[in-house]
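This report describes a single protein chain, beginning with one helix and its surroundings and then turning to the surface and the overall fold.

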Amino acid sequence: MTARLIDGTAAAKKHRAELAVQIAAHKITPGLAVVLVGEDPASQVYVRNKSKAAEEVGMKSWTYVLPTTTTQQQLLNKVAELNNDPTVHGVLVQLPLPKQIDQQAVIAAINPAKDVDGFHPINIGRLSSGLPSLVPCTPQGCMILLREALGDLAGRKAIVLGRSNIVGKPLAQLLLQADCTVTMAHSKTRNLADECRAADIVVAAIGNPEFVRGDWIKTGATVIDVGINRIADMENAGKSRLVGDVCFAEVSQHAFAITPVPGGVGPMTIACLLKNTLQAALAH
């Protein structure tokens with residue numbers, strides 16, 4: 001069998017169109033402020049894409065680029081300024097941050113009601129307790145893609161590879177809320193391939209290129225590949241290509257459905273960021 005492609009680009013386009021309609025209907029202009037510290041090329045691309053997508057759906061977008069030498073206090077001052085700006089409904093500090101800045105201190109300084117990344121301890125705690133919250137964007141996007149591919153997720157066995165605060169842990173909470181039986185796997189998990197073979201849903205979020213192999217996937221499983229890794233392109237000397245954490249060529253021969261990289265989870269992450277910004281604006 002060859003897996004059905006879960007098209008994140010098409011799904012994100014549909015969700016952005018729905019958001020534009022909602023924004024127009026509510027007659028509000030949600031405001032998203034993105035702070036970028038330093039000149040990381042990948043982060044610059046992400047920030048540009050976020051700002052462009054926000055403006056396309058009728059939101060106001062601001063981008064603040066601070067030098068790599070920015071101190072923690074300077075960044076905290078900027079966050080405080082945005083927290084107090086009534087035209088800003090969503091505040092996002094692009095990660096990773098330079099080494100002189102405590103990432104957790106910055107996340108904790110964002111007003112939880114404006115934390116559209118969903119990383120604030122209050123939002124994470126509310127998510128863990130099953131209470132309404134701003135939900136981290138990538139896990140939220142994964143859930144939307146899973147529901148569009150499978151419908152009801154109740155009773156399915158899911159395994160999440162990776163236990164990060166940004167993807168793995170919140171995604172496990174969302175899968176539990178959807179009545180899945182959830183296994184969390186990580187670098188210390190024994191017999192990882194066997195654990196994957198038992199799962200109806202496999203989500204890879206470990207940052208290891210093409211780590212998950214075809215024979216790890218049981219026939220008919222659904223695979224969500226969160227990884228984005230740049231590796232050398234063996235067919236084109238001196239060039240690189242993007243791959244996920246899953247060996248797509250192998251896994252697609254076993255799975256029922258699979259997300260590509262690029263064009264899978266990535267576009268949905270931005271769509272969910274816009275969804276969170278609207279949610280924050282409506283609650284303002």
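In this predicted model, helix α7 covers residues 168–177, and its buried residues are G168, P170, L171, A172, L174 and L175. Residues three or four places apart in an α-helix point the same way, because each turn takes 3.6 residues. The buried residues of α7 pack against two helices and three strands, listed below.

| Element packed against α7 | Residues |
|---|---|
| α5 | 121–128 |
| α6 | 137–150 |
| β5 | 157–161 |
| β6 | 181–185 |
| β7 | 201–204 |

Just after α7, D179 adopts a positive phi of about 70 degrees.

On the surface, Y46, I228 and L242 form a nonpolar patch of about 250 Å². L242 belongs to strand β10, which comprises residues 240–243. With a relative accessible area of 30%, L242 is partly exposed.

As for the whole protein chain, its secondary structure consists of 10 helices and 11 strands. The radius of gyration is 19 Å, close to the 19 Å that the globule rule gives for 284 residues, so the chain is as compact as a globular protein of that length. Its C-alpha trace spans about 55 × 45 × 35 Å along the principal axes.

Of the 284 residues in the chain, 49% are buried. Among contacts with a separation of 6 or more, 69% involve residues 24 or more positions apart. The chain exposes about 13400 Å², of which carbon and sulfur atoms supply 53%.

Terms used: Residues are numbered from 1 along each chain as its sequence is written. This is a predicted model: local features need pLDDT of at least 70, side-chain atom pairs count only at pLDDT 80 or more; totals for chains, interfaces and linings use all residues. Side-chain values use heavy atoms; hydrogens and water are left out. Patches are made of residues with over 30% relative accessible area and no salt bridge: like charges are joined within 9 Å, nonpolar side chains (Val, Leu, Ile, Met, Phe, Trp, Tyr) within 5 Å. Accessible areas come from the Shrake-Rupley method with a 1.4 Å probe; for residues, only the protein chains shown count as cover. A salt bridge is a side-chain nitrogen of Lys or Arg within 4 Å of a carboxyl oxygen of Asp or Glu. Helices (H or I, at least four residues) and strands (E, at least two) are DSSP runs, numbered from the N terminus. Buried means under 20% relative accessible area, exposed over 50%, partly exposed in between (1.4 Å probe, protein chains only). Contact means heavy atoms within 4.5 Å. The radius of gyration is taken over C-alpha atoms; the globule rule is 2.2 Å times the number of residues to the power 0.38.
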